[in-house]
Amino acid sequence: MRRALLALLLAQVNHPVPVSEIVDVLWGEDAPDSAVNVVHRHVGVLRRLLDASKADANTTALVRGSGGYRLELGTAQLDLLQFKALRAQARRHREAGDRAAGVDLLLDAIGLWRGPVASGIPAHIRAHPLFARIDREYLEAVKDAAAAAIESGPDRVDRTLLVLRQAAAAHPLDESLHARLIMALAVTGHQTEARHAYEAVSGRLREELGLDPGPELMQTGRNLTSAATGPGRRAVPEAFRASLPDNPAAAAVKPDVLGVETPDTADTGTSWTRPAQLPPDLGVFSGRHTELALAHAVLPADDTAAPPVVITTISGMAGVGKTTLAVHWAHKVAHRYPDGQLYTDLRGFDPGGGTASPAQVLRAFLDALGVPQHRIPVSVDAQAALYRSLLAGKRVLVVLDNARDTEHVRLLLPGAAGCLAVVTSRNYLSGLVAEGARPLALGVLDADESHGFLARRLGEDRLAAEPQSVEDIVALCGGLPLALAIVSARTAVHPEWNLAAIATELREGDSHLTALSAGDPATDIQTVFSWSYRVLTDMAARLFRLLALHPGPDVSAAAAACLLGVDRARARPVLSELTTAHLVTERFPGRFVCHDLLRVYAGELLGEQDDAAEQTAARQRLLEHLLHSAHRADGLLAPHRERITLAPPVAGADPVAFTGREEAANWLETERAVILAAVRDDGAQTHCASQCWQLAITVELHLDRHGRWQEQLALQSAALDAAQKAADLSGRAHAHRALGFVHGRLENPAEAVRHLESALEVFAAAGDPAGRARTHRYLAFQANKGDRHDEALTHYAAAHALYRKAGHVVGQAQVSNEVGWTHILRGDHAQALLDCQEAIGLHQHLDDQNGEAAAWDSLGYAHHHLGRHREAIGCYQRALLLYRRLHDTYLEADTLVHIGDSLEALGDMARADASWRQALEILENIAHPEAETLRKRLIQNPG
């Protein structure tokens, strides 16, 4: 912990690091109550160690100030400061035209580097963006050295090749870095190695990210073909010099406001889907003329111009109208961004803790942009790279609402010229502002604006009749738009009330939310809330209180009915009453949201008016509604899939009765964020632990099918916490198994095996042979990934025996097919035939068409490798028929490729070509990355 603290202080040397930031980096969300005291103790130890080495005993290197600690060091005392100083000197030499000296200084700076910054501290701490930014400085220095060397001549380029090769090996997907390596190789006469390097990085981009090379790398590849290096390696090709980013003729790769290099345009190979996600503009929007003018001022006067990426932050207290202003302005300028608008509510201050993670939002944005599920990369960084590449060359408006802090939005910001990002937050996002974002601080409305706000909603005539009462209402609402909106809503539905009575009601209200008014008693809106709450019917008031228990970003009408314990027909007018009072908003048909401040207020009322038993009963109805609905949906989508057995739902849970597969799939996607928040909710884990882990396990394979592995990791980690709190053996076993599988997906083999071995132990203790069998299959999957096929077969043998003991025929059929595939991987195709045939018979007996199709394809693959190509084609055609019946287009194309391969082996090139082209058409229609491989194959082997 002290080493991590020292690394944090060194990374921000000579700058104060707030104690709150230290606590956040060292512990994250798990900080103990004693964290601040622990930090002080660690600082004391570090100070003694540092001061012991100082010549002047009266001075200290580690000082306190500005609410934190600052480590004061000179340039000669820290390699990072020396590195920065050498880079600055190199920049000055290069600007003065002395590129050769610049290269030498940059190589000296690079020579100080000994590997990733802060190596040796815990990985979760080193993952902090601060350290990543310093690592990026090393890459920037390497790129700068390469560019300066190419401009200077081959002799200097020779000296950069070693560091370029090392950096490129460590960063295999950095296009700009690899472009410079390729240029350097070509300039120094290593043409063959340059061509191989270009082909290798292009292949990795397509395979791992589903992307074609971007403009800079593509231009470098063209230069390899068109440019001659000249005799004796003495001439620097003009084509390469022109393609350097610092050259005016370059197809520029420009830094965005965050200092991350991104291409102006990118051909991702993905067809563009124009998103239109902005929420509706408020028809009665009024005021904010100054703020709107300031916002417009950040954009160029010419609507047709594509300015550099613009980031505007709108900050202010809760309820001040940040979202309303952001959405209104976004609608006003949307015509400037014809390629679409993206919107998300990050829920950074959600009182229930249901904050949307950058990983969740990235995945949602990629879905909205039309990226097929199978083309979305595994890691969050790769997803962010794909997202930015998709926006390159486009003009897209991105609204990121309710951000917690700068890091909450950093991965979500576009990097390409022509895009606009609007970020709202209760906090002043100083990190973004320091990096070039345009800040807009939003205060409360003044008296004139508040009057205009009421006039748009109640009419000027009504206000003119009682001017003193209007002044009183304006003063009592403190200029807070949320308070004024609620007053207007209640007043509009009671035109017979006079405004004097309304002012009196407000004046006599109680106050409990003063703490949320940012220290300004004038903005005490609890009075407004209580005035609106007191006129609700009993059932509406009860639902409003119970909404504090709902953990998700929005609540469906069905879930609201479950909280109340009534049927949906009775819940609809209650929701309508809350909507009319502006206590909830129907953001989308049938889905309702409640402002954060109102949820806090509802929670206060709940604690005062509803006993613990009623709260637990309502929470249980909600959790069981989600659990049993998810169980039904999963059963419709994959009827033969292994799933846990549930007890009957409690009265009032009222699970959804789906009419078909599409409705079930849509429900799972719509409720996905709610389910994630519900499982992670502290109250749910305390009172409904069994439902929490069961819900996580029920949606496990749905999330896996959609590639949502980061969400899966968070969900199943919460499931494990819930099961441990409840001392539930079965829950612990299932959670370990699910965590093992998702760690395997995320290429964390050691963690995968650790969790799977824990699952085996706990399933054994729980007396669950089927659970042990499934875990052995997952361990076999991991073994096959590591080419340990004999080990995989051992696990499959154990799984088959356990399934047989449990009478689980579906599991036995699945094992038979997986064993057959393992034998194919081992090259034992004769044995694979026996196993795949057994799997086919079992799946047919069970009417499991998914399993049967997979087994037919495996059987055909085994026949093909035994030279029995006609038998192989017969098997493939059986699989093809089933995949078409199931509408599984990707596996249909995969099987068509296999058919083409067997036809080619028979010498029937015409039919083979037709089968491959049919597969290519399918793959192109779904924008699958394998289309490119198949297209090249057809070019090389024309029919």
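Helices here are DSSP runs of H or I with at least four residues, numbered from the N terminus, and the model in which they are assigned is a predicted one.

**Exercise 1.** Determine which residue follows helix H15 and what its phi is, and then establish how many residues of H15 are buried.

*Solution.* Start at the end of the helix: H15 is followed by Gly370, whose phi is positive, near 85°. Next, apply the cut-off for burial, which is under 20% relative accessible area. By this criterion 8 of the 11 residues of H15 (residues 358–368) are buried, so the helix is largely enclosed by the rest of the structure. The buried residues in H15 are Ala359, Gln360, Val361, Leu362, Arg363, Phe365, Leu366 and Ala368. Finally, look for the cover over these residues, which includes strands E7 (341–345) and E8 (397–403) together with helices H16 (380–391), H31 (672–680) and H35 (709–725).

**Exercise 2.** Decide whether the faces of strand E6 are covered or open, and identify the strands with which E6 pairs.

*Solution.* Begin with the count: 6 of the 6 residues of E6 (residues 310–315) are buried, so this strand is largely enclosed by the rest of the structure. Then separate the two faces, where Val310, Thr312 and Ile314 lie on one side and Ile311, Thr313 and Ser315 on the other, and both faces prove to be covered. Turning to the pairing, E6 runs parallel to strand E9 (residues 420–425) over 6 bridges, with Val310 opposite Leu420 in E9. Strand E10 (residues 438–441) is also parallel to E6 and is joined to it by 4 bridges, with Thr312 standing opposite Arg438 in E10.

Notes: Residues numbered from 1 in each chain as written. Predicted model: local features only at pLDDT ≥ 70, side-chain atom pairs only at ≥ 80, totals over all residues. Heavy atoms only, no water. Buried < 20%, exposed > 50% of the residue type's maximum accessible area, 1.4 Å probe, protein only. Contact = heavy atoms within 4.5 Å. Pairing = 2+ DSSP bridges.
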